[in-house]
Amino acid sequence: MIWDAHCHLSGVPGRSPEERMRQLIEFADRFGIERLCVFMGMTWSNDPSPEDMRRQNDEVLAALKAFPDRAFGFVYLNPNHLDASLGELDRCVRDGPMVGVKLWVARHCNAPELDPIVRRAVELKAPVLQHIYLKATGNLPGESTPAELAELALRHPAAVLIGAHTGSDWEIGIRAVRNCPNVSVDLCGFDPTAGVTEMAVRELGAERVIFGSDAGGRSFASQLGKVLGADIPDSAKKLILGENLKRLLMPILRQKGMG
Ligand SMILES: [Zn+2]
């Protein structure tokens, strides 16, 4: 069983969300990937206005409607527009089919504006996937680091948090979240490097490591290679490829009658 925690509608051929979702699923089928978590629209913005946030979430809702048995949606929120974000969280998760929250680069994730979002996500049993990155060339102005996610996690021990890209500079990223048991990492979105999955399993435990591809920004094959080629037990690979994500999503799926 393979579930992908991190996919997008951007970078995928197709004129509509439905066409792009169909294309993603066609590629995923070649690898036996059963379920794809998808978030953000066909085009992105770093700091989306309330209208643009809604447009992007509407595109994901259209993709979910066309493929309800293959795609899971995470609502894309912007803490710079807190009221609009809480409205979108209610619209897409509480009252809609989405099952998680995606936060990207609009605001550092240790900011107090994230607290109401994370509290509401906890109430809804929705995991929060936060982009974390350490760029050699310098981060974007609002781009979060792994250490900032650790700060957020310590304020919200009941939250289910996923650090996207393992911070990209993964030797630092893994260490930064090591002492936060409610933080898992997804392995997506950087070149496959020998040792990343092994270190994540050694330092966090296999239960806190999650497969994601970042398709269409990255290929399924290159990102699956990080797990399939890792020198870890088969039981750890099973957890990483699907069982961990399923465990994190099961409370909200059950609540929605989807599990
Ligand atoms: Zn991504």
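Modeller: Before we start, helices and strands here are DSSP runs, with at least four residues for a helix and at least two for a strand, and both are numbered from the N terminus. Keep in mind as well that this is a predicted model.

Biologist: Where, then, is K125 found?

Modeller: K125 is in the loop between helix α4, which covers residues 114-123, and strand β5, which covers 128-133. Its phi angle is positive, at about 65°, although K125 is not a glycine.

Biologist: Is K125 buried, partly exposed or exposed?

Modeller: The general idea is that a residue under 20% relative accessible area is called buried, one over 50% is called exposed, and one in between is called partly exposed. K125 has a relative accessibility of 39%, so it counts as partly exposed.

Biologist: Which other residue has a positive phi near 65° without being glycine?

Modeller: That is H165, whose phi is also a positive value for a residue other than glycine. H165 lies in strand β6, residues 161-167, and because its relative accessibility is 4%, it counts as buried.

Biologist: How should I read a metal site, and which residues coordinate the zinc ion?

Modeller: One looks for the atoms that donate to the metal, and for the zinc ion these are NE2 of H6, NE2 of H8 and OD of D214, at 2.1 to 2.2 Å. Along the sequence, the donor residues follow the spacing H-x1-H-x205-D. H6 and D214 thus link distant parts of the chain, with H6 in strand β1 (residues 2-7) and D214, 208 residues apart from it, in the loop between β8 (209-210) and α8 (220-228).

Biologist: Why do H6 and D214 count as buried?

Modeller: The cut-off for buried is under 20%. H6 is buried because its relative accessible area is 1%, and D214 counts as buried because its relative accessibility is 12%. The loop between β8 and α8 also holds G216, and the peptide bond from A215 to G216 is cis, with omega near -5°.

Biologist: What can I say about the largest pocket, and which residues lie nearest its centre?

Modeller: A pocket can be described by its space and by the residues that line it, and here the largest pocket holds about 230 Å³. Its lining has 18 residues, and W44, W104, H131, H165 and D214 lie nearest the centre. By character, the lining divides into five nonpolar, eight polar and five charged residues.

Biologist: How can I check the length of a helix such as α2?

Modeller: One compares the expected span with the distance between the end C-alpha atoms. Helix α2, residues 50-66, has 17 residues, which at 1.5 Å a residue should span 24 Å, and its end C-alpha atoms are 25 Å apart, which agrees.

Biologist: What covers the buried residues of α2?

Modeller: The cover includes α1 (17-29), β2 (33-38), β3 (71-77) and α3 (82-94). Among the buried residues of α2 are M53, N57 and L64. N57 has a relative accessible area of 0%, so it is buried, and, leaving aside residues up to four places away in sequence, N57 touches V75, Y76, E88, R91, C92 and M98.

Biologist: Where does P68 stand, and is it buried or exposed?

Modeller: P68 is in the loop between α2 and β3, and because its relative accessibility is 54%, P68 counts as exposed. The C-alpha atoms of P68 and G259 are separated by 13 Å, while these two residues are 191 residues apart along the chain.

Terms used. Residues numbered from 1 in each chain as written. Predicted model: local features only at pLDDT ≥ 70, side-chain atom pairs only at ≥ 80, totals over all residues. Heavy atoms only, no water. 1 Å grid on protein atoms, 1.4 Å probe; cavity = no way out; pocket = protein on both sides within 12 Å on 5 of 7 lines; lining within 4 Å. Points joined across faces, edges and corners; volume = space filled by probe spheres on them. Nonpolar A, V, L, I, M, F, W, Y, C, P; charged D, E, K, R; others polar. Donors = N, O, S within 2.8 Å, 3.2 Å for Na, K, Ca; no water. Buried < 20%, exposed > 50% of the residue type's maximum accessible area, 1.4 Å probe, protein only. Expected span 1.5 Å × (residues − 1). Contact = heavy atoms within 4.5 Å.
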